[in-house]
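Please look over the sequence and the model shown below before reading on. The report that follows treats pockets, a run of paired strands and one annotated residue in turn.

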Amino acid sequence: MVNPTVPPSDKIDWDNIGFQYRDINGYAKYTWTPEDGWDQGSLETNPYLSVHMCATGINYGQECFEGLKAFRAKDGRIRVFRPQENAKRMNRSADMASMPEVPEHIFLEGIKKTVEANLEFVPPYGSGGSLYIRPLLFGSGPMIGLSPAPEFTFIVFGVPVGNYYKDGVKPVDALVIEDFDRSAPMGTGGTKLGGNYAPVFKPTDAAKRKGYPITLHLDSKTRTYVDEFSTSNFVGLINKDGKTSFVTPNAQTILRSVTRISLVEIARDLGWEIEERDIAFADIEQGKFDEVAACGTAAVITPVKKIARGDKVYTIGSGEQTEIGQGFDTLYRTYRAIQNGDVEDTKGWMWPAQGF
Ligand SMILES: *Cc1c(COP(=O)(O)O)cnc(C)c1O
């Protein structure tokens, strides 16, 4: 027996919720200790945590996070986009920072508890909004020496978020960050550790003030290859002889975006060429790409019309783009149709299949 679906709350102005924290009904919380492993978990309501001041999460940045979304589909039911991929990625981050593995069944159960407790906070079908889900893992036990905590906490909370493209998809300008490296060749940049993000605030804020909403990082060793944008992966499209190539870097220093690996599959289904390879910045200088975009969970695709580096500005495609290009438009529509349940989910990406 499937429960009746809970409709979206009528107390929220769904067209104007934006992207900001707001209290919901509750969130899932689990605790790990070396003696007992993960506990049964509980549903909590107080957003303030009581954490020891000597917790490794606070002192040493022993922390990682994830971000994914739940959507209300045409049938009214709610499904989460590829949470198994986020579970895998969280465990790569956990391993990097000496934290215990969160088994996939606990990761999924945490999401289930949180979504089921907050069904009315999942925006209406067709609104373009979603329930943004934020899993967190951190050392919560006290440890003053440089070693892992005696206790870890895994939390899954949710935030209803609005349509990223309320006023339509608009191409943006990107700025190459020249005075800061987010990711070292053998470093942590390929994992979603909290500590990777605070140092990026300063260069991205400075870029925003100069009119660049997104920022591009080059490989820190040679500064000749494209790594990724600060919170999204780099994808370039090349049209040649009636065929489209989907080109994207896949280096160790890049965070493996679930959006990117999913777009690769869609592009492959469309019969496009997939090139997962190093991208020389010279390719951008020489105008090799017809379209460029940043891809990530928040916006899926953000088309990039210009990339600035130092005092030079490189235009993508022929002439300044005023709207999303044809290639990315096709990918974006297909992607959103799967998330909204407008087309059959032949890949089994939406979880659970029967919906909440
Ligand atoms: C989270 C993140 C992305 C996007 O990953 P998605 O799984 O597609 O949301 C890309 N780059 C960095 C650095 C990130 O932290």
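How many nonpolar, polar and charged residues does the lining of the largest pocket have? The structure shown is a predicted model, and in it the lining of the largest pocket divides by class into 20 nonpolar, 16 polar and 11 charged residues.

**Pockets**

The largest pocket encloses about 1,200 Å³ of space. Its lining is made up of 47 residues, and those closest to the centre of the pocket are Tyr164, Ser230, Thr231, Ser232 and Ala298. Several elements give two or more residues to this lining, namely strands E7 (130–139), E10 (214–218), E11 (226–229) and E15 (291–296), together with helices H4 and H5 (258–269). Of these contributions, the one from H4 is the most, with five residues.

The second largest pocket has a volume of about 360 Å³, and among the 15 residues that line this pocket, Pro47, Leu49, Leu136, Ile155 and Phe157 lie nearest its centre. Here the elements that give two or more residues to the lining are E7 and strand E8 (152–161). The table sets out the two linings by class.

| Pocket | Nonpolar | Polar | Charged |
|---|---|---|---|
| Largest pocket | 20 residues | 16 residues | 11 residues |
| Second largest pocket | nine residues | three residues | three residues |

**Paired strands**

Strand E5 (residues 68–72) pairs with strand E6 (residues 78–81) in the antiparallel sense, over three bridges, and within this pairing Arg72 stands opposite Ile78 of E6. The two strands form a hairpin with five residues between them, and in the turn Gly76 has a positive phi of about 85°. E6 is also joined by two bridges to strand E18 (residues 350–351), again in an antiparallel arrangement, where Phe81 has Met350 of E18 as its bridge partner.

**An annotated lysine**

UniProt, in an unreviewed entry, lists Lys192 for "modified residue: N6-(pyridoxal phosphate)lysine". In the model, Lys192 is placed in the loop between strand E9 (172–176) and helix H4 (198–209). Is Lys192 buried or exposed? Lys192 counts as buried because its relative accessibility is 15%, and the cut-off for that class is under 20%. Leaving aside residues up to four places away in sequence, Lys192 touches Cys64, Phe65, Glu66, Arg89, Ser93, Tyr197 and Leu255.

Technical notes:
Residues are numbered from 1 along each chain as its sequence is written. This is a predicted model: local features need pLDDT of at least 70, side-chain atom pairs count only at pLDDT 80 or more; totals for chains, interfaces and linings use all residues. Side-chain values use heavy atoms; hydrogens and water are left out. UniProt positions are given in the numbering used here, feature names are shortened, and annotations may be inferred rather than shown by experiment. Helices (H or I, at least four residues) and strands (E, at least two) are DSSP runs, numbered from the N terminus. Buried means under 20% relative accessible area, exposed over 50%, partly exposed in between (1.4 Å probe, protein chains only). Contact means heavy atoms within 4.5 Å. Two strands pair if DSSP finds at least two bridges between them. On a 1 Å grid over the protein atoms alone, a cavity is a set of points where a 1.4 Å probe fits but cannot get out, and a pocket is an open set with protein on both sides within 12 Å along at least five of seven lines; lining residues have an atom within 4 Å of a point. Grid points are joined across faces, edges and corners, and a volume is the space filled by probe spheres set on the points. Ala, Val, Leu, Ile, Met, Phe, Trp, Tyr, Cys and Pro count as nonpolar, Asp, Glu, Lys and Arg as charged, and the others, Gly among them, as polar.
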